[in-house]
Amino acid sequence: SRLGADHADVIISLNNLAKVLQDQGQFDVALDFSNQSVEKARRVFAKSDPKLWVFIARRGSIHASLKKWQEADADLQEGLNGLKGIEAPPARIRMTLSDLVKLHNDWAAAEPSVPQEKIEAKKWQDALDQFNAAHPK
């Protein structure tokens with residue numbers, strides 16, 4: 001039997017391909033696959049499914065690789081809030097918080113003229129530190 005375009009396995013494969021392409025530095029192509037996986041995941045996966053939030057956060061990290069800072073921030077925060085909302089495994093939340101810290105540090109370094117209230121590296125580092133204190137590895 002053939003899998004339809006919105007079958008969960010197809011969506012997961014799109015996201016996995018986006019990750020591989022990101023790891024290879026092919027960020028534009030990775031973003032295309034990530035956008036497809038997020039769009040389909042929003043239709044197919046329940047809000048209680050951690051894959052939805054992980055896929056959104058991954059797209060945020062791809063945006064960050066492309067220096068699309070605001071898009072990255074929006075996706076990473078949406079992914080983080082979704083993961084926290086379903087009480088996802090601490091390692092997954094920690095990874096997304098770490099990605100937010102890296103994003104804001106990279107953004108500050110790349111665009112020193114950006115108003116500091118838009119760049120919240122300290123806020124996210126504090127959130128990560130608090131999370132790590134509450135959830136030791």
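**Salt bridges in a predicted model**

Reader: How far apart are the closest N and O atoms of Arg 43 and Asp 6?

Author: Arg 43 pairs with Asp 6 in a salt bridge, that is, a side-chain nitrogen of Lys or Arg within 4 Å of a carboxyl oxygen of Asp or Glu. Their closest N and O atoms are separated by 2.8 Å.

Reader: What pLDDT must side-chain atom pairs have to count?

Author: Residues are numbered from 1 along each chain as its sequence is written, and side-chain values use heavy atoms, leaving out hydrogens and water. This is a predicted model: totals for chains, interfaces and linings use all residues, local features need pLDDT of at least 70, and side-chain atom pairs count only at pLDDT 80 or more.

Reader: Which parts does the pair of Arg 43 and Asp 6 tie together?

Author: Arg 43 lies in helix α2, residues 27-44. Helices (H or I, at least four residues) and strands (E, at least two) are DSSP runs, numbered from the N terminus. Asp 6 is 37 residues away in sequence, so the bridge ties α2 to the segment before α1.

Reader: Are Arg 43 and Asp 6 buried, partly exposed or exposed?

Author: Relative accessible area decides (buried under 20%, exposed over 50%, partly exposed in between; 1.4 Å probe, protein chains only). Arg 43 has 48%. Asp 6 has 31%. Arg 43 is partly exposed, and Asp 6 is also partly exposed.

Reader: Which residue meets Lys 19 in a salt bridge?

Author: The partner sits in helix α1 with Lys 19, 4 residues away, about one helical turn. The N to O distance is 2.9 Å. Lys 19 is partly exposed at 30%, while its partner counts as exposed at 56%. That partner is Asp 23.

Reader: In which helix do Lys 122 and Asp 126 lie?

Author: Lys 122 and Asp 126 form a salt bridge, with their closest N and O atoms 2.8 Å apart. Lys 122 is exposed at 61%, and Asp 126 is partly exposed at 31%. They stand 4 residues apart, about one turn, in helix α6.

Reader: Which residues are joined into one network?

Author: Some salt bridges share partners. The pair of Arg 43 and Asp 6, already met above, belongs here. The joined residues are Asp 6, Glu 39, Lys 40 and Arg 43.

Reader: How many salt bridges does the whole structure hold?

Author: The pairs named above include Lys 19 with Asp 23 and Lys 122 with Asp 126. Searching the whole structure gives a salt-bridge count of 10.
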